[in-house]
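Here is a set of exercises to work through with the model open beside you. Try each task before you read its solution.

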Amino acid sequence: MVALPESHRKEALRRLEKEFAKRNFVSPKPTEEEDPQDKQPDFLDYVKILERSQLHTGVSGGAVPFQKWPYLVDLAQSMVDNRLLTVLKARQLGFSWTSAAYAAWLLTFSAGTNVLMISKGQTEAFSLLDKVRFILKNLPPDWQASLSPDSRSEIGIPSRDSKVIALPSTEDAGRSETASVVIQDEADFHEYHMANYAAVKPTIDAGGQMIMGSTSNKRNMSSLFKELYRSAPDNGWKNVFIPWHARPERTQKWYDGVRDTVPAIDLQGMSPDQFMEQEYPGEETEALAPPKAQSIFDRDMIIGMADSCIKPIREVGPASIYQEPRSSRRYVAGTDVASGVGMDYSVTVIVDVNSGYVVADLVSNILQPEDFSTSSMQLLEVYANPEWAIENNFSDTVLTVARDMNYPRLYRRRVGRGKNIRREYGWRTDRASRQQLFDELRASFNAGHLTIPNKHGLDEFSTIIAAPGEKPQAMGGAHDDYVMALGIALMLKNEKGINNHGKIIRLPAFA
């Protein structure tokens, strides 16, 4: 066999490396059967980022290899795998450099690419584009191509008919562009995010890709970014959360040091703890939770109660049981009914009046109302058919099925006044009854009189807010179905019933 000259061997290796980089922005994770040493090279292996010099820590600065920490590898893979992606994150975790590398990869190897990078302001937009430029100019020489234009706001590669444009977030940003990919950095802080999203939506509807990344803006808890994040994956988006401690060198000591040295100018009226909650969340619920001043329910109580969340000990059809019934206990049940299948959730909860423990629940957005009512009654039968209040603001189907099947202890509310008083089946939520429900629920929850073992249900409590003079409600994109069902159940807790031919007719809760 004739050995190849060294120059030929090196040329063949360069071509192979380039082909792998073209194929893989990030290498697929090896399977259990594959040797990790056989991992294919990828584009990120050749990316260099700009590290600023730090005199007092000995960091010299300059071009350094992209650090392929596990969370960044996962983030890069999410960019490749998902057309619609929201990334909720702590600060300074490399989202900007990773998204810049993604744009550089597309420009280098995908002809006809048009990337829009939209930032909250012009300075931020130019800075993001500078990252793309730095990566392009530090790739292997034979991968590079002439840039034209090469300006503060646009980079183009004419030979590939590709470009990347950096824009500040305005109402019309990107409206006239047909983009392959739209990347929004710090999206939750874009002043015109809703209008800007509408401007680029035709690109998304036509099959383009959209990537949003941001820390949480605690001053806007009903933002479009949070709504898209919370509603995933039902809305077609993929959501990714990256906590402050994902980066290897970030320890609790590091976190405490940052908190204790936050410059006053950065606080903007927040306490150091509130600043860290916004900028360096450790949990998804922490990032999405409203400021304590807007929260209805005690945040520390929610965090503490999370330790009591468990998996069901058994199931009854689609329903879950967390604690078996006891003969000496009194139970009450409440149901919040969704306005349609596949939208909000219909929820039935059963509460132990003595302990405040939610012993069982049924949570579904796929059951038809008739099936939901039947499944609820099967669950309630386990607890000897406790008193049951069914909300019927939007639909009477769940209540009607319960009546037709002769459920023995249905709640009836008082309607009218004086001689015109009558009793009607079902719980109705209006402004007055909603406020009373939340007053009772908040008092019981914040006093520690409730235990909610369902993590899904407990998480809802962190999303309930009330601005001054406004009614309590879930933040945009969040749900309050479990909260309402539990509140309805608690409204039965202190009432006394009248036995009437096997049914408990409830005394009036409200006028």
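Two strands count as paired if DSSP finds at least two bridges between them. Keep in mind that this is a predicted model.

**Exercise 1. Look at strand E12 and E15: how many bridges join them, and do they run parallel or antiparallel?**

Step 1. Find E12 at residues 331–336. Four bridges join E12 to E15, and the two run parallel.

Step 2. Pick out one pair of residues: threonine 335 stands opposite isoleucine 390 in E15.

Step 3. Now zoom out to the sheet. It's an open sheet of six strands, in the order E10-E11-E14-E13-E12-E15, and the pairing is mixed. At the edges you'll find strand E10 (314–316) and strand E15 (387–390), each of which pairs on one side only. Ignoring direction, neighbouring strands in this sheet are turned by 20 degrees against each other on average.

Step 4. Add the helix. Helix H16 (residues 481–493) lies across E12, strand E13 (346–352), strand E14 (358–364) and E15, and runs at about 140 degrees to E12.

**Exercise 2. Turn to the open sheet of seven strands: what is the order of its strands? Which strands stand at the edges?**

Step 1. Read the order across the sheet: E5-E6-E4-E7-E8-E3-E9, with mixed pairing.

Step 2. Check the ends. Strand E5 (154–157) and strand E9 (238–242) each have a single partner strand, so one side of each has no neighbour in the sheet.

Step 3. Note the turn between neighbouring strands, which is 10 degrees on average with direction ignored.

Step 4. Go through some of the pairings. Strand E3 (residues 84–89) and E9 run parallel, joined by five bridges; in E9, lysine 238 is the bridge partner of leucine 85. E4 and E6 also pair in the parallel sense, over six bridges. E5 and E6, however, run antiparallel, with four bridges between them, and isoleucine 155 stands opposite valine 164 in E6.

**Exercise 3. Where is aspartate 161 found, and what is its phi?**

Step 1. Locate the residue: aspartate 161 is in the loop between E5 and E6. Those two strands form a hairpin with four residues between them.

Step 2. Read the angle. Phi of aspartate 161 is near 55 degrees, a positive value in a residue other than glycine.

Step 3. Compare with the general rule: most residues other than glycine have a negative phi, and most peptide bonds are trans.

Step 4. Use the second half of that rule to look at two peptide bonds. The bond from serine 148 to proline 149 is cis, with omega near 0 degrees, and proline 149 is found in the loop between H4 and E5. Alanine 232 and proline 233 are also joined by a cis peptide bond, with omega about 5 degrees; proline 233 is in the loop between H6 and E9.

**Exercise 4. Which residues make the contact between H5 and H6?**

Step 1. Start with the geometry. Helix H5 (residues 193–205) and H6 pack at an angle of about 65 degrees, and their axes are 9 Å apart.

Step 2. List the residues. His193, Met194 and Tyr197 come from H5, while Leu224, Phe225 and Leu228 come from H6.

Step 3. Sort them by class: five are nonpolar, one is polar and none is charged.

**Exercise 5. How many aromatic pairs does a search of the whole structure find?**

Step 1. The search finds 20 aromatic pairs.

Step 2. Take one of them, phenylalanine 109 with tryptophan 143: the centres are 5.7 Å apart and the planes make 65 degrees. An angle over 60 degrees counts as edge-to-face, so this pair is edge-to-face.

Step 3. Place the two rings. Phenylalanine 109 lies in helix H3 and tryptophan 143 in the loop between H4 and E5, so the pair ties together parts that are 34 residues apart in sequence.

**Exercise 6. What is the volume of the largest pocket, and how many residues line it?**

Step 1. The volume is about 1600 Å³.

Step 2. The lining has 46 residues, and Arg91, Gln92, Leu93, Gly94 and Lys131 lie nearest the centre.

Step 3. Find the main contributor: H4 gives the largest share of the lining, seven residues.

Step 4. Split the lining by class, and you get 18 nonpolar, 12 polar and 16 charged residues.

Key. Residues numbered from 1 in each chain as written. Predicted model: local features only at pLDDT ≥ 70, side-chain atom pairs only at ≥ 80, totals over all residues. Heavy atoms only, no water. 1 Å grid on protein atoms, 1.4 Å probe; cavity = no way out; pocket = protein on both sides within 12 Å on 5 of 7 lines; lining within 4 Å. Points joined across faces, edges and corners; volume = space filled by probe spheres on them. Nonpolar A, V, L, I, M, F, W, Y, C, P; charged D, E, K, R; others polar. Axes fitted to C-alpha atoms, helices over the stretch in contact; angles between N-to-C directions. Phe/Tyr/Trp six-rings, centres within 6.5 Å; stacked < 30°, edge-to-face > 60°. Contact = heavy atoms within 4.5 Å.
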